[in-house]
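Good morning, and thank you for making time for this short presentation. Please keep the sequence and the three-dimensional view open while I speak.

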Amino acid sequence: MLLIILTLALPAILLPLYGAVKKENGKERLSAYVAIASLLIALLEAPFELFLGPKGIWYYPTSLVSFDLISFFFSVTIIIVSLMAAVGSITTMQSDRNASVYYSLILFTVIGMILVSSTTDLLFLLVSWELMTVPTFVLVALKKRDRLSSEAAMKYFLAAALSAALILFGLSLAYGLTDSTSFYSLIYAFEHSSQSQLPVFLLTASLLASGFAVKMAIAPFHFWLPDALQGTFPQIGALLAAGSKKAGFAAALRIFVALLTTQQFIAFGLSWQLALGIVAAITITWGNLAALTQKKVSRMLAYSSIAQAGYITIGLAVQGTAGAALGIVGLLLHVLFHGVMKGSAFISIANMDDDVGLLNGLYKRSPGTALGFTISLFALAGMPPLNGFWSKLFLFVAAVQANMTWLAAIALVNSAIALAYYSYLAKRVYFEQPEQQSVQKEEKLDVLLVLAFAAIFIIITGLFPAPVLNPILSFLGL
Amino acid sequence: MIFLPAAGGIAAYLLGRVKEEYSRYTAIAVSLAEVLLTLIAFAEVASSGIYSFMLQEDYTWVKGFVDFHLGLDGLGAPLLIIASSLTFLAAYGSSLEIQERKASYYSLLLLFLAASVGVFTSLNLILFYFFWDATLLPMFFFIGIWGGPNRKYAASKFLLFTYGGSVAMLLGFIILYFSVPSPSFDFISLMNQQVQPSIQLLVSLLTFIGFGVKLPVFPIHTWLPDAHVEAPTPISVLLAGLLLKLGGYGILRFNLQLFSYTAIHYALFFMAVGLVTMFYGAIVALRQSDMKRMVALTSINHMGFVLFGAFAGIAVAGSAAFGIAGSIFQMFNHAFAIGLMFTLTGVVKHTFNTRDMTVIKGMRFAMPRASIILILGALAAMAAPLYSSFLSEFMVIYSGILYSSWLWIAVLVPGITAAYMLWMLKRMVLSERDPALSYSDVSRSFAFYMFLFLVPLVILLVAPGLILSPVMTFVRSVSGGA
């Protein structure tokens, strides 16, 4: 754990210094390479950390962090997505004076996300949460003379502040109840609480849940995402939609699953699975229907990622039922797979126009981008033989196993709705003839590299999901 | 068998980047090799004489859930031959219409073949679904890139209709998984397990939506005429000859074989849908002026026979040999007859620059060779006793009459078909010479190529046992040895 953090933190601290002291321009690429190298090293370290650490997925030590299967999966996802973002911005940032700061901020937010997904303490969670969020404000606002970018940053800032405030309030209530800030003592106290304390516990839980939900962009807390993603660099959009949105799920998985499956809570008789299932269904449907009418690729993808967050919520909703194990498999798988495909879909915007109308005939102008973009679109739709099929399959199977067939049915119908707008984009790219005013954009090689990696990853894990699945299955003892 | 065309598809693309024509040669060579492979596999199944899944291959794909389990029986084997030989014919006949982006075209063609072979041989439900949906994307691009003026609409409509059906099917599979005593996606294991009748009915209906869209059955057929009219000729051949067979295969494999309880008790429902589809296809075809749309609707009409025959066969003891066997036989015959008709439509469009049957006149003067083939092909499509399509339609209708004597009305369908086919001939071929037309016949080699479609139909009229003997092992197993 410490190793990964150090690998990322050292360059993150040193890069801005380098940017401040260097005299001549044109050395911006160096900071990109340093950031990419440290991310790659961190990626290689992750498996060692996992095997050195405790076995099993739930582990509540007295320490602040625990690097278990959940943290491993989220960390790997986050590192891969940020690698894609970092590689994809080499050309965009190569003449920007702030390049070293840019990469340093990416590294900081990655550290924050990894800590959020592995912490077991509420106070530490809040600190990591801020570490994850604050750098992204700056990243979103980086194009500071661009009106849209500033507006995006403002909205994002307000939403994030709201989320942090909710978590903080939940945290203070939890501390008052338990004299401690660790997850473990919160759950322990809950298990042994008296009947009169229950409402306060419920309030704590719902404050924390709302705080996470803002970050996860689950309906009705999703409003900020499309604006934020439209205004910023596509690479940062990828990082937000595919990476940091996911960290909220790790935290939710860690606290709530244990909290809500305690005997106390079950005795309370709330069917929270049903509630979460309904939230999931609304989020999926809302995201997909809203995506249908968007005129900007980035907004469409943002709404689609709201819908995908709904799919991931299915994995939470089946906890405490027969479908729990498969739900975790589907959730973790979808986090990783969706991270890669959404990341690549977003980053391809860097090589084309954001306007849906200007996508016409993209295959002629930029064949590589067109192919990579289309592959990630169909992967998002869950079409075999691409990998999105598997993660969605596990989530659907889990929902049926949890006796929530209606949820699986809604989610499946939504897959068909989603295919409508994904195939609409693919139709623009491949079937329409290019229009006159669409300008020839040069295909950036670094973006193509990212797309090629993502396409290979999507197809290989689509055809052979076992290498990714087997570790999860064996950890779960399936 | 799946691997060969899949690898060939990638090879075709890479070679096509070097020189466009290479990709075509690769596609022809690979699909021809696939024809040989499927013929060998068919012979293996045919020579065994007992019903079982032959040539099984079983690998762990996703531990504990999905095995890469393949196998072939008397139902899949004839359809495999259709898949490979029609892809070969389509690849060979593509040179006329496909002028741009050849490398992508031929590689998608082979990938489509790989996915279809996968559908016909999968013995695992998730694997089946995997291949099933994998056929959609190549077809979406075929129609959308190489299609006619209204291709974008047709391609999207096709994709959304069939994918909508697919998700219903997937939901059915997942429900089925949890409603058997020992949950499994494996087909053979599911065959040996009992399911509650009500759940079986539900799953059967859900999967029927998925297969019915592809077959297609009335009223979820509306994507088909559009897709056909817009698709380029070789793709129409594949669409009618192969894609619709995927639906027919699914219905026979799942709705008939796996959900046999529902099949026997609710046969009337399926027969009614089939009968409506037959009449609908025939009557609507009657009043088309676009030749291709008419042929496409003939497909709907013919595929209705498949549905009708299969369930008439299971409903009446003793008629399975006619009904079920007839419906499989019908799929086989339809693939070649309609494939030829679509090719001819392409020729007509190429020569006259229109497919309007009210405009084209005096074909026999302008294109004598094509006219002869057209007459022969129309006879095959209307199931004249010159071809095996006569046998299969006869078998299906006979089994219907065994079910209930008033089902003699099914005879009207081939009657209507014959009427509009003959009317088409009268208008286009046997009409007055059109002075504006100059002699512009197809080449000898192309006429020979078109004649190849008819060869299986003639052979099978004389020796239907070639196909029917392995089919009968399947029929006997489904109908309990009747």
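I begin with A:Asp179, in the loop of chain A that connects helix H7 (147-178) with helix H8 (183-191). The model is a predicted one, and in it A:Asp179 has a positive phi of about 60° although it is not a glycine. Most residues other than glycine have a negative phi. As to its surroundings, A:Asp179 has 9 other C-beta atoms within 10 Å, and it is therefore classed as exposed, the limit for that class being 12 or fewer.

A second residue of this kind is A:Asn403, whose phi is positive, near 65°, and which is not a glycine either. A:Asn403 is found in the loop between H18 and helix H19 (405-430) of chain A. Is A:Asn403 buried or exposed? It falls in between: with 14 C-beta neighbours inside 10 Å, A:Asn403 counts as partly exposed.

I turn now to the peptide bonds. Most peptide bonds are trans. In chain A, however, A:Pro384 and A:Pro385 are joined by a cis peptide bond with an omega of about 5°. A:Pro385 sits in the loop between helix H17 (367-381) and helix H18 (388-401) of chain A. Chain B has a cis peptide bond from B:Leu215 to B:Pro216, where omega is near -10°. B:Pro216, too, is a loop residue, placed between helix H9 (197-214) and helix H10 (223-230) of chain B.

Next, the overall form of chain A. Its secondary structure comes to 21 helices and 0 strands. The radius of gyration of chain A is 21 Å, close to the 23 Å that the globule rule gives for 478 residues, so chain A is as compact as a globular protein of that length. Taken along the principal axes, its C-alpha atoms fill a box of roughly 70 × 55 × 40 Å. Of the 478 residues of chain A, 60% count as buried. If we consider the contacts in chain A between residues at least 6 apart in sequence, 80% of them join residues at least 24 apart.

At the start of chain A, A:Leu2 belongs to helix H1 (residues 2-21). A:Leu2 counts as exposed because it has 10 C-beta neighbours inside 10 Å. Its C-alpha atom is separated by 9.9 Å from that of A:Phe67, a residue 65 places away along the chain.

Let me now consider two helix pairs. How do helix H14 (residues 297-317) and helix H15 (residues 324-348) of chain A cross? Their axes come within 8 Å and cross at roughly 170°. An angle over 145 degrees counts as roughly antiparallel, and H14(A) and H15(A) therefore have that relation to each other. Among the residues that make this contact are A:Tyr311 and A:Ile312 of H14(A), together with A:His334, A:His338 and A:Lys342 of H15(A). By class, the contact of H14(A) with H15(A) has 8 nonpolar, 7 polar and 1 charged residues.

The second pair is in chain B. The axes of helix H3 (residues 76-92) and H15(B) come within 10 Å and cross at roughly 5°, which means that H3(B) is roughly parallel to H15(B). On the side of H3(B), B:Pro78, B:Leu79, B:Ile82, B:Leu86 and B:Leu89 take part, and they meet B:Ile328, B:Met331, B:Phe332, B:Ala335 and B:Gly339 in H15(B). This contact has 9 nonpolar residues, 1 polar residue and no charged residues.

The nonpolar core follows. The largest one has 378 residues, and those with the most contacts inside it are A:Ala399, A:Ala408 and B:Phe311. Helix H15 (residues 320-352) of chain B gives the most to this core, with 19 residues. Leaving aside residues up to four places away in sequence, B:Phe311 touches B:Ala263, B:Ala267, B:Phe270, B:Met271 and B:Gly274.

Finally, the contact between the chains. How many residues does each chain contribute? The contact takes 28 residues from chain B and 28 residues from chain A. On the side of chain B, the elements that give two or more residues are strand S1 (54-62), H5, helix H6 (136-146) and helix H7 (151-179). H7(B) gives the most, with 15 residues. The residues on this side divide into 20 nonpolar, 4 polar and 4 charged. As for helix H5 (residues 125-134) of chain B, 10 of its 10 residues are buried, so H5(B) is largely enclosed by the rest of the structure. Those buried residues include B:Phe128, B:Trp132 and B:Asp133.

Terms used. Residues are numbered from 1 along each chain as its sequence is written. Chains are lettered from A and ligands numbered from 1 in the order in which they are written. This is a predicted model: local features need pLDDT of at least 70, side-chain atom pairs count only at pLDDT 80 or more; totals for chains, interfaces and linings use all residues. Helices (H or I, at least four residues) and strands (E, at least two) are DSSP runs, numbered from the N terminus. A residue is buried if 20 or more other C-beta atoms lie within 10 Å of its own, exposed if 12 or fewer, and partly exposed in between; C-beta atoms are placed from the backbone. Two residues are in contact if their C-beta atoms, placed from the backbone, lie within 7 Å. Ala, Val, Leu, Ile, Met, Phe, Trp, Tyr, Cys and Pro count as nonpolar, Asp, Glu, Lys and Arg as charged, and the others, Gly among them, as polar. A nonpolar core is a set of buried Ala, Val, Leu, Ile, Met, Phe, Trp, Tyr and Cys residues joined through C-beta atoms within 7 Å. The radius of gyration is taken over C-alpha atoms; the globule rule is 2.2 Å times the number of residues to the power 0.38. Axes are lines fitted to C-alpha atoms, for helices over the stretch in contact, and angles run from 0 to 180 degrees between N-to-C directions. Angles under 35 degrees count as roughly parallel, over 145 as roughly antiparallel, 65 to 115 as roughly perpendicular and the rest as oblique.
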